[in-house]
Each structure stands twice: as structure tokens, then as C-alpha cells.
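Hello,

Here is the structure I promised to pass on to you. Please have a look at it, and then read on for what turned up in it.

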Amino acid sequence: MKGDAFSTHEKSYLIQLIKANAPAEFVFMTKILSWIESGTNRPKSLEASVSEEYDLKDTEASMMRSGAVARMIELGLILREKSGREVTYYLTDLGEKVVNAEG
């Protein structure tokens, strides 16, 4: 896609680096992908899942969700669609491959 920060090859390489060197981050990313795939695809519902899964306060869950989602968008794992004030996340083909390979 035009304007992407990384090429497809670079994205795949970075995802493998995260998996190998930051396994907790990779697990967190795959949980987010699974939640989005199952319909938990809005900021507040994702924050609730993060809060419950990791026993965090709302503000901590919001920061974790926000940072992870931004990285995952840059890596081409998810897309963010905004309609008015509503934001919805969707898996990309690469995101589907990652979540299905781990699931």
C-alpha cells in the first residue's frame, strides 16, 4: 500500500523479531487479533478485554490497547476504520495469517 512505513517483507521480518525477542508482546498482539476476529473490535470493548485479561485499571488498559493497536496498524496486522466518532478495527490478510497460525 502506498505510504506504508514498512514493506511487506519488512513487516513479516519485524513480526518474527517480536515473536522471537519479545514473546509477551507477541502473545498480547495475537490476543488482540483474536478478540478483533471474534467481534471485540472497538476501542472500549478491546480495553475491557485487556483490563479483564491482565487485571488492569481502565487507564492502564487504554494505554496498552492504544500502543499495541498503533504498532499493529504500522505492521499491517489490522486496519482502523472511522465513521463519525465510531472506530472499528478489522484484521488484514496478514493479521488473519498470524492469528490463524497461532490459534
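Let me start with Tyr54, which counts as partly exposed because its relative accessibility is 30%. One thing to keep in mind as you read is that this is a predicted model.

Tyr54 takes part in an aromatic pair, and a search of the whole structure finds 1 such pair. Its partner is Phe28: the ring centres are 5.5 Å apart and the planes stand at 80°, so the two rings meet edge-to-face. Phe28 belongs to helix H2 (residues 23-37) and Tyr54 to helix H3 (residues 43-54), so the pair ties together parts that are 26 residues apart in sequence. Unlike the partly exposed Tyr54, Phe28 is buried, with a relative accessible area of 4%.

Next, the salt bridges. The count comes to 5, and I will walk you through some of them. As general background, side chains of opposite charge can pair when their charged atoms come close.

Helix H2 comes up again here, as Glu25 and Arg71 meet in a salt bridge through their side chains, at 2.8 Å from N to O. Glu25 lies in H2 and Arg71 in helix H4, so this bridge ties together parts that are 46 residues apart in sequence. What about the accessibility of the two partners? Glu25 is partly exposed, with a relative accessible area of 22%, and Arg71 also counts as partly exposed, at 40%.

Which residues are linked in a network of salt bridges? They are Lys44, Glu47 and Arg65. Here is how the links work:

- Lys44 bridges to Glu47, with the closest N and O atoms 3.6 Å apart. Both residues lie in helix H3, 3 residues apart, which is about one turn of the helix.
- Glu47 also bridges to Arg65, and here the closest N and O atoms are 2.7 Å apart. Since Glu47 lies in H3 and Arg65 in H4, this pair ties together parts that are 18 residues apart in sequence.

Is each member of the network buried or exposed? Lys44 counts as exposed, at 65% relative accessibility. Glu47 counts as buried, at 9%, and Arg65 is buried as well.

Now for the strands. Strand S1 (residues 78-83) and strand S2 (residues 86-91) run antiparallel and are joined by 6 bridges. Within this pairing, Arg80 stands opposite Tyr89 in S2. The hairpin they form has 2 residues between the strands, and Gly84 takes a positive phi near 65° there.

Thr88 is a residue to look at in strand S2. Thr88 counts as buried because its relative accessibility is 8%, and the cut-off for buried is under 20%. Leaving aside neighbours within four places in sequence, Thr88 is in contact with Leu79, Arg80 and Glu81, and also with Asn41 and Arg42.

On to the interior. In soluble globular proteins, nonpolar side chains tend to be buried together. In this model, the largest nonpolar core has 22 residues, and those touching the most other members are Ile32, Leu33, Met72, Leu77 and Ile78. Which elements give two or more residues to this core? They are H2, H3, helix H4 (58-74), S2 and helix H5 (93-102). H2 supplies the largest share, 7 residues.

Ile78 is a good place to zoom in. Not counting residues up to four places away in sequence, Ile78 touches Leu33, Ile36, Val69, Met72 and Ile73, together with Tyr89, Tyr90, Leu91 and Thr92.

Finally, helix H5 has two sides to compare. Gly95, Val98 and Val99 are buried in H5. Seen down the axis of H5, its buried residues fall within an arc of 90°, so they line one face of the helix. These buried residues pack against helix H1 (8-21), H2 and S2. Which exposed residues does H5 carry on the face turned away from its buried side? Asp93, Lys97, Asn100 and Ala101 are found there.

Enjoy exploring the model!

Best wishes

Technical notes:
Residues numbered from 1 in each chain as written. Predicted model: local features only at pLDDT ≥ 70, side-chain atom pairs only at ≥ 80, totals over all residues. Heavy atoms only, no water. Phe/Tyr/Trp six-rings, centres within 6.5 Å; stacked < 30°, edge-to-face > 60°. Helix = DSSP H or I, 4+ residues; strand = E, 2+ residues; numbered from the N terminus. Buried < 20%, exposed > 50% of the residue type's maximum accessible area, 1.4 Å probe, protein only. Pairing = 2+ DSSP bridges. Core = buried A, V, L, I, M, F, W, Y, C linked by side-chain atoms within 4.5 Å. Contact = heavy atoms within 4.5 Å. Salt bridge = Lys/Arg side-chain N within 4 Å of Asp/Glu carboxyl O. Arc of directions from axis to C-beta.
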